[in-house]
Amino acid sequence: MGAAALSLSSPSSLLPPSKPKINTRRSINSRCPIVTMSNNNKQQKKKEVWIWTNNKQVMTAAVERGWNTFIFSSIHHRQIATDWSSIALIAPLFVEDAKVVDEAGNLVATFSEISSPKQLEQLQPGADNVIVDLLDWQVIPAENIVAAFHGHHKTVFAISKSLSEAQVFLEALEKGLGGVVLKTENVEDVLELKGYFDRRNQEGSQLELTKATITSVEMTGMGDRVCVDLCSLMKPGEGVLVGSFARGLFLVHSECLESNYIASRPFRVNAGPVHAYVAIPGGKTCYLSELKTGKEILVVDQNGIQRTAVVGRVKIETRPLVIVTAKVDSDEETCYSILLQNAETVGFVPSNKGNEATAIPVTSLKVGDQVLLKLQGGARHTGIEIQEFIIEK
């Protein structure tokens, strides 16, 4: 994760002697990463998480999720650290005045409480790792800390007591801090933060998209279709994954391309009717009718590169629909289908080779055209894929 979490010659020097542990043991460098993406899709620094707790259940949950650096409020908590080290491979750190030291007394990080702009300006970190505690927690100071340490070769951590606080520090001014210290006695806080990391870990990863051949295009009746307006812009070749059946989601192109009929709307996908499935972070799906302001959705390009976007608005209006069916050459038995508004601005991402970004309007679609499809398990429970017998038609 970019800078090393601990300024020592060897990370293993923080660890207790080898002994029997629970199966969730990890080394100090085995931290759960998060990768945030900028608009130009460049990967940014990976983030780190340390845990500050006296709760054994919180410790266990954290270690099981790959976080094994723990902070204790004073040297008097060495007994807790010793007890935990007998059951899990952890790296205990101790706060002493304005310093954070390891078991041998080596300086690992500086610790500063910040309650005013002047204190932030006067902050003089003396270690490779810096921990700051905003006593009067606000968003603007979080941004000020990111700006103050921009370009420094130090890992800056902020004390966070919830997922919402941690998220602000990790994302402030787009780059965010190098990590957070989650200070909690609640196991749920650990689970929520890990879920956030898992979702962000998908940023920039590649989904496998399959070539599907259109077998029919038919007009049908009227229906309530959903326009999804995002809080970020999409580029040519990008769209969202939508389908009538969870077993196969079509890559529906955004309205970012120029048209003779209407101005470009690079934030919008005319995605389909209210019943359709749409892909969301975490390998899940939800119904288009369930999307609302603030919910996250997956944006995917013609190469399968995915990122997360926030829904800014959802518009549901009654429009004429067309039903499209397709099959994959290797599976002539299974049919995949989607309903879309019959409009020139609605289209699919074709299975072009290379990086050419185009779209096939649904009004021009014909039998034999080839489009991109995401294949997955068909059985779902609350959007989560499960293994069970199911028939959909």
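Analyst: In this predicted model, two residues are in contact when heavy atoms of theirs lie within 4.5 Å. With that in hand, ask away!

User: Which residues is Ala309 in contact with, leaving aside its neighbours within four places in sequence?

Analyst: Ala309 meets Leu230, Ser232, Lys295, Glu296, Ile297 and Val299. Ala309 itself belongs to strand S16 (residues 306-328). Its C-alpha atom is separated by 6.8 Å from that of Cys231, although the two are 78 residues apart along the chain.

User: What makes Ala309 count as buried?

Analyst: Its relative accessible area is 3%. Buried means under 20%, so Ala309 qualifies. Across the chain, buried residues make up 50% of the 393 residues.

User: Why is the pair of Phe70 and Trp84 called edge-to-face?

Analyst: The whole structure holds 9 aromatic pairs. In this one, the centres of Phe70 and Trp84 are 6.0 Å apart and the planes make an angle of 75°. Centres within 6.5 Å make a pair, and planes over 60 degrees apart count as edge-to-face, so both conditions are met. Phe70 lies in strand S2 (residues 69-72) and Trp84 in helix H2 (residues 78-85), so this pair ties together parts that are 14 residues apart in sequence.

User: How do you know whether Phe70 is buried or exposed, and Trp84 likewise?

Analyst: Phe70 has a relative accessible area of 0% and Trp84 has 5%. Both values fall under the 20% cut-off, so both residues are buried.

User: What makes Tyr277 and Tyr287 a stacked pair?

Analyst: Here the planes differ by 25°, with 5.2 Å centre to centre. Planes under 30 degrees apart count as stacked, so the label fits. Tyr277 comes from strand S13 (residues 277-280) and Tyr287 from strand S14 (residues 284-287), so the pair joins parts 10 residues apart in sequence.

User: Why is Tyr287 called partly exposed?

Analyst: Tyr287 has a relative accessible area of 36%. Partly exposed runs between 20% and 50%, so Tyr287 belongs there. Its partner Tyr277, at 11%, counts as buried.

User: How do you know that Lys183 lies over the face of Trp52?

Analyst: Lys183 is 4.1 Å from the ring centre of Trp52. The distance limit is 6 Å, with the charge also within 35 degrees of the ring normal. Arg78 offers another case, as its charged end sits over the ring of Phe94, 4.5 Å from the centre. Phe94 is also part of a cluster in which ring pairs link it with Phe70, Phe72 and Trp84.

User: Which residues touch the most other members of the largest nonpolar core?

Analyst: Ile51, Trp67, Phe70, Ile145 and Leu193 do, in a core of 39 residues. Helix H1 (residues 56-64) supplies the largest share of this core, with 5 residues. Beyond residues up to four places away in sequence, Ile51 touches Val58, Ala62, Trp67, Thr69, Phe70, Ile71 and Leu182. There is also a second, separate core of 37 residues, which includes Ile214, Phe250, Leu288 and Val362.

User: How do helix H5 and helix H6 pack, and which residues make the contact?

Analyst: H5 (residues 163-171) and H6 (residues 187-201) have axes 9 Å apart, at an angle of about 35°. Their crossing is right-handed. H5 contributes Leu163, Ala166, Gln167, Leu170 and Glu171, while H6 brings Glu192, Leu193, Tyr196, Phe197 and Arg200.

Methods
Residues are numbered from 1 along each chain as its sequence is written. This is a predicted model: local features need pLDDT of at least 70, side-chain atom pairs count only at pLDDT 80 or more; totals for chains, interfaces and linings use all residues. Side-chain values use heavy atoms; hydrogens and water are left out. Helices (H or I, at least four residues) and strands (E, at least two) are DSSP runs, numbered from the N terminus. Buried means under 20% relative accessible area, exposed over 50%, partly exposed in between (1.4 Å probe, protein chains only). A nonpolar core is a set of buried Ala, Val, Leu, Ile, Met, Phe, Trp, Tyr and Cys residues joined through side-chain atoms within 4.5 Å. Axes are lines fitted to C-alpha atoms, for helices over the stretch in contact, and angles run from 0 to 180 degrees between N-to-C directions. A crossing is left-handed if the near helix is turned anticlockwise from the far one by less than a right angle, and right-handed if clockwise.
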